[in-house]
Amino acid sequence: MQTIDNGFIQLGRSKDSISLEHRVILIKTDSSGAMEWSREFGDQFDDPNGVFILQAADSGYIFSCHSYATLIIRTNSNGDTVWTKNYNAGLISSILQTNDNGFILAGRFDTLGGGANALFCKIDSLGNIIWSHVFDGGSAVEECVNVI
């Protein structure tokens, strides 16, 4: 994703060659692709996958990670963690910043028996849930994949 300063931010996954631990990695580059910094996240969860990233109005970042739980991590513009929240959802596949500096999260809530229902959630700027809705359309698996 291109950043406000015309650089790029990448969200991915790394694997330590010795411990074999997987971690989510955030890499910031300049407009020419030269690395400015990188940060790894993973002490809070096992076998993580970075799913979605958004640059917030304050130039920081917010991104979702999926492993055995769903985490939303908020960083400052240098990639340092501001807060981490575990929402015990299935997967957050899209994030949108709202006019009040909160965020809308969209994705799925995993159900018992292997199904999933569409999830739509509003959090404040500190990651606290304001409201949350789960939509069951009657299919085995439903998911919100994007919020605009």
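**A chain built from strands**

In this chain, 36% of the contacts (heavy atoms within 4.5 Å) with a separation of 6 or more are made by residues 24 or more positions apart. The model is a predicted one, in which local features need pLDDT of at least 70 and side-chain atom pairs count only at pLDDT 80 or more, while totals for chains, interfaces and linings use all residues. Residues are numbered from 1 along each chain as its sequence is written, and side-chain values use heavy atoms, with hydrogens and water left out.

The secondary structure consists of eleven strands and zero helices, where strands (E, at least two residues) and helices (H or I, at least four) are DSSP runs numbered from the N terminus. The radius of gyration, taken over C-alpha atoms, is 16 Å, close to the 15 Å that the globule rule (2.2 Å times the number of residues to the power 0.38) gives for 148 residues, so the chain is as compact as a globular protein of that length.

Of the 148 residues, 43% count as buried, meaning under 20% relative accessible area with a 1.4 Å probe and protein chains only. The largest nonpolar core, a set of buried Ala, Val, Leu, Ile, Met, Phe, Trp, Tyr and Cys residues joined through side-chain atoms within 4.5 Å, has 13 residues, of which I62, I72, I95, F103, L105 and I123 touch the most other members. Two or more residues each come from β8 (91-97), β9 (103-110) and β10 (116-123), and β10 gives the largest share, three residues. Apart from this core lies another, of eleven residues, among them I9, L26, F41 and Y61.

Terms used
Buried means under 20% relative accessible area, exposed over 50%, partly exposed in between (1.4 Å probe, protein chains only).
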